[in-house]
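Please open the model in your viewer and keep the selection tool at hand. The tour below moves from one selection to the next and says what is to be found at each stop.

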Amino acid sequence: MKESFVHQIQKRLTENSKLFLSDGIERLLNQDNGNEDYINPDLLSLTCTSFQISIELALKSLALERAGLKSILNKKYENHSLDELEDLFKNNNIKTSEFESVKNFVKSKGYITDLARGDFKVIEQFQIYRNRIVHFTYEFEEIDLYDMKYDLIYYLIQIIFKILLSNQHQDVKPSEFLAYSLKNGLHSQLTHYPPYIEAMERVSKENTDSVFKCIVCNNRTFSKFEEYCYCCNFITEDFKTIDCVHCKETKSVIYDNLNIELNKNSARGLCLNCDTDGMIYQCPVCEFAYDNEIEFEKYCTEGNCVNN
Ligand SMILES: [Zn+2]
Ligand SMILES: [Zn+2]
Ligand SMILES: [Zn+2]
């Protein structure tokens, strides 16, 4: 019973965190052109605020999950029993701690292992923006308005996700998380928003050595080793890959081998690294495949498997 009441609060915090995240992203995508220019200051103010609230709720949800309800409540509740707290909660009469103290608590406990020291600096910077926006006004310099458009998305990907994902206990990629958590259609809209694409190009390069062009979204955000596109979520599990004879990259030529035998064991292939296409022949006996236009008859051919 007690557990369910605390669990209920945690669920609500996480859901509301996602709600503010969706709200911020939706407004940003609907009102900003995505070009390399300034962001409208009012839009920036509202987006910063939505993201800041989202992060605050995500941090509270995480602290609650790891350290219990009292970790996010005002000191004055220290001696309250869970029953008393539940009553206060039901009467909408419970006060949570300030953002600052929850943030410092989570930071001191090291709950988010992949959140770097620099990330906390970014959180603090956004906190300053948000407080000034809400309480006074924040006068953004022109250069801020240019940079912030990109910084906002970085903030979103690097920080809010890490916090929201850290209490999911599973390995979910940012774009998978977005696709499942945001309102319908928002994620696919994001994959056409240049600041998001740029951020994902950065994230994919940070995570993997070989990044290829994705055949679905056309951005250079496809991780060869993870076989996954950081921008649009495309995964290659239904496709086959072979080495490229042109650029010499390994496993970079992708082709669809479903029903390939109905098409003389051939299919068009495309190198995700150098963008060269070719005709791939896949041996029906040993399944070895190669570019038939370049390495003609060097390997298995129709009716003659060299590996058998
Ligand atoms: Zn993609
Ligand atoms: Zn190639
Ligand atoms: Zn063969």
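Which residues does F51 touch, not counting residues up to four places away in sequence? Select F51 in this predicted model, and then add L21, G24, F126, L152, Y155, L156 and I160, which are the residues that F51 touches once those up to four places away in sequence are left out.

**The core around this stop**

Keep F51 and I160 selected and add I163, since these three are the residues that touch the most other members of the largest nonpolar core, a set of 68 residues. Helix α6 gives the most to this core, with 12 residues, and the core draws at least three residues from each of domain 1 (2-170) and domain 2 (240-291).

**Helix α5**

Now select residues 117-135, which form helix α5. At 1.5 Å a residue its 19 residues should span 27 Å, and the end C-alpha atoms are 27 Å apart, which agrees with that expectation. Colour I123, F126 and R130, the buried residues of α5; they cover an arc of only 70 degrees around the axis, which puts them on the same side of the helix. One of them, F126, was already in your selection as a residue touched by F51. To see what covers the buried residues of α5, display among others α2 (41-67), α4 (99-109) and α6 (142-166). Then turn to the face of α5 that points away from its buried side, where the exposed residues R117, G118, K121, E124, Q125, I128 and H135 are carried.

**Helix α7**

Next, select residues 174-181, which form helix α7 and whose buried residues are P174, S175 and L178. These cover an arc of only 95 degrees around the axis, which puts them on the same side of α7. The cover over the buried residues of α7 includes α6, α8 (186-190) and α9 (194-207), and α6 is also among the elements that cover the buried residues of α5.

**Two backbone stops**

Most residues other than glycine have a negative phi. Select N92, in the loop between α3 (82-90) and α4, which has a positive phi of about 55 degrees although it is not a glycine. Is N92 buried or exposed? With 6 C-beta neighbours inside 10 Å, N92 counts as exposed.

Move on to E287, in the loop between β7 (277-282) and β8 (289-291), which likewise is not a glycine and has a positive phi, of about 70 degrees. E287 has 14 C-beta neighbours inside 10 Å and therefore counts as partly exposed.

**The whole chain**

Finally, clear the selection and zoom out to the full protein, which has nine helices and eight strands. Its radius of gyration is 25 Å, well over the 19 Å that the globule rule gives for 308 residues, so the protein is more spread out than a compact globule. The C-alpha atoms fill a box of roughly 80 × 50 × 30 Å, taken along the principal axes. Colour domain 1 (2-170) and domain 2 (240-291), into which the protein is divided; their centres, taken over C-alpha atoms, are separated by 46 Å. Buried residues make up 35% of the 308 residues, and of the contacts with a separation of 6 or more, 52% are between residues 24 or more positions apart.

Key
Residues are numbered from 1 along each chain as its sequence is written. Chains are lettered from A and ligands numbered from 1 in the order in which they are written. This is a predicted model: local features need pLDDT of at least 70, side-chain atom pairs count only at pLDDT 80 or more; totals for chains, interfaces and linings use all residues. Helices (H or I, at least four residues) and strands (E, at least two) are DSSP runs, numbered from the N terminus. The expected span of a helix is 1.5 Å times one less than its number of residues. A residue is buried if 20 or more other C-beta atoms lie within 10 Å of its own, exposed if 12 or fewer, and partly exposed in between; C-beta atoms are placed from the backbone. The arc is that of the directions from the helix axis to the C-beta atoms. Two residues are in contact if their C-beta atoms, placed from the backbone, lie within 7 Å. A nonpolar core is a set of buried Ala, Val, Leu, Ile, Met, Phe, Trp, Tyr and Cys residues joined through C-beta atoms within 7 Å. Domain bounds come from an automatic or database domain assignment. The radius of gyration is taken over C-alpha atoms; the globule rule is 2.2 Å times the number of residues to the power 0.38.
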